[in-house]
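Trainee: I've got a protein model open and I'm a bit lost. Could you show me how to read its strands and pockets?

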Amino acid sequence: MMPEPRAFLTSLFEAAVKAADPLAAIRAHLPEKPKGRTIVVGAGKAASQMAAAFESLWDGPLEGVVVARHGPIAACERIRVLQSAHPVPDEAGLAGSAELLRLVKGLTPNDLVVALISGGGSSLLPAPPAGLTLDDEIAVNRALLASGAPISAMNVVRKHVSRIKGGRLAFAAAPAKVVSLIVSDVPGDHPAFVASGPTIPDLSTPMDALGIAQRYRLELPEAVMRHLTSSEAAAPPPNHAAFANHERHIIASAAVSLEAAAARARQQGIDAVILSDAIEGEAADIGRMHAAIARETAWRNRPFQKPVVILSGGETTVTISGKNYGKGGRNSEFLLSFALDIDGADGIHALAADTDGIDGSEDNAGAFADGATVTRVRAAGVDPRDYLSRHDAWSAFHASGDLFVPGPTGTNVNDFRALLIV
């Protein structure tokens, strides 16, 4: 007996999120206790949940501060949780960055710094270098978000316009040991790209950042461009002595979550395949590609035999053109494009959602779609192609009643896409 499509797809999302649960992930990666102090720092969409998990597992003394996004947070007893804005930085983020840098100063080789890092930390930790302002960093973020650049490229720019990113937080903690526990939301799970790597240095340079600005035609403030050509923009290299004996662990990722979703599907009698956990590109284009695979499977039983659920993850992008754009995140945009290309098809059902529970600026994680979605959208008086062209997928799915709103999940391993073909 075939499961009810939306309940089935929701169960797969829940399995993916559960596999990225901070408590289980941190339990498996607890560091050894130090002779000296234990300091906890962190930032990201999962910061408060990671902090609550860590302090529940750590039976020694500790102190710390993490920065989470504005909104609901997990309660902590020994670690302070500050909040700031995402996806565009705010004044609260400045205070949060300053507090993290203050907390790690003056430590000794006997002290331990545990860094709890998850996606979203780039905007939550604004810390403009001397000569730049918060407005400059906001302008950088806005330009990057509208550029269509992949997250890896965005974070190369961000880490060279910062006093805390690009390993600088760990550098400030020297000579203490730093152990970074990372929930990855980036394709490929490169630890230096998650939250722009506040505790993880890499080999990118200011020249790389300038190249990205040119390639994606970023309109950056003149002060930022001047900074990127100065020696002050260079981040400490990975081979610097300050990073000796540091540890970093990817404790949750899209790959693990997709495997968990596949296992849940098979338990319910539906075969599952994973296309990739690292798909990037324009959300609308990736939606059309997934629609082509779904149609081919539905009509010709290739490249996969139905019934089957096709899973994928990664991080798509939305390039904003012009000023007349609406509401919606990359998962909603992916799915509206997908829905247009499966219009009228039988036996195709889909869910696309952000694993942190928030897609874009609204309260939905994503949306559902099937072969009748476009008909429902049009019946509500909405032109789906027009709304897609204006990046207003949220309004289209709101009109059709197809939004997926699970609420904040407390983790973040990026996009989750599940296509059920029966």
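Trainee: Let's start with strand β5: how many of its 7 residues are buried?

Mentor: Keep in mind that this is a predicted model. A residue is called buried when its relative accessible area is under 20%. In β5, which runs over residues 177–183, 6 of the 7 residues are buried, so going by that cut-off the strand is mostly covered.

Trainee: Which strands does β5 pair with, and in what sense?

Mentor: Look on both counts. Strand β4, residues 112–118, pairs with β5 in the parallel sense over 7 bridges. If you want a spot to click on, L112 stands opposite K177 in β5. Then there's strand β6, residues 247–252, which also pairs with β5 in the parallel sense, over 5 bridges. There, S180 stands opposite R248 in β6.

Trainee: And where do the side chains point along a strand?

Mentor: Here's the general idea: in a regular strand, side chains alternate between the two faces of the sheet.

Trainee: In what order do the strands of the open sheet with 6 strands come?

Mentor: Read them across as β7-β8-β12-β9-β10-β11, with mixed pairing. β7 (271–282) and β11 (403–404) are at the edges with a single partner strand each, so one side of each has no neighbour in the sheet. For a pair within that order, try β8 (residues 308–317) and β12 (residues 415–421): they pair in the antiparallel sense over 7 bridges. I310 stands opposite L419 in β12.

Trainee: OK, pockets next. How much space lies in the largest pocket, and which residues lie nearest its centre?

Mentor: The general trick goes like this: rolling a probe the size of a water molecule over the atoms shows where empty space is left. In this model, the largest pocket holds about 1,100 Å³ of space. Its lining has 49 residues, and P87, L145, A146, G328 and G360 lie nearest the centre. At least two lining residues each come from α5 (121–124), α6 (134–147), α7 (151–159), β8 and α13 (330–341). Sorted by class, the lining has 17 nonpolar, 19 polar and 13 charged residues.

Trainee: What about the second largest pocket: how much space lies in that one?

Mentor: About 330 Å³. It is lined by 14 residues, with P129, S162, R163, R168 and E232 closest to its centre. Helix α8 (residues 168–173) gives the largest share of that lining, 3 residues.

Trainee: And what classes make up the lining of the second largest pocket?

Mentor: You'll find 8 nonpolar, 2 polar and 4 charged residues there.

Key. Residues are numbered from 1 along each chain as its sequence is written. This is a predicted model: local features need pLDDT of at least 70, side-chain atom pairs count only at pLDDT 80 or more; totals for chains, interfaces and linings use all residues. Side-chain values use heavy atoms; hydrogens and water are left out. Buried means under 20% relative accessible area, exposed over 50%, partly exposed in between (1.4 Å probe, protein chains only). Helices (H or I, at least four residues) and strands (E, at least two) are DSSP runs, numbered from the N terminus. Two strands pair if DSSP finds at least two bridges between them. On a 1 Å grid over the protein atoms alone, a cavity is a set of points where a 1.4 Å probe fits but cannot get out, and a pocket is an open set with protein on both sides within 12 Å along at least five of seven lines; lining residues have an atom within 4 Å of a point. Grid points are joined across faces, edges and corners, and a volume is the space filled by probe spheres set on the points. Ala, Val, Leu, Ile, Met, Phe, Trp, Tyr, Cys and Pro count as nonpolar, Asp, Glu, Lys and Arg as charged, and the others, Gly among them, as polar.
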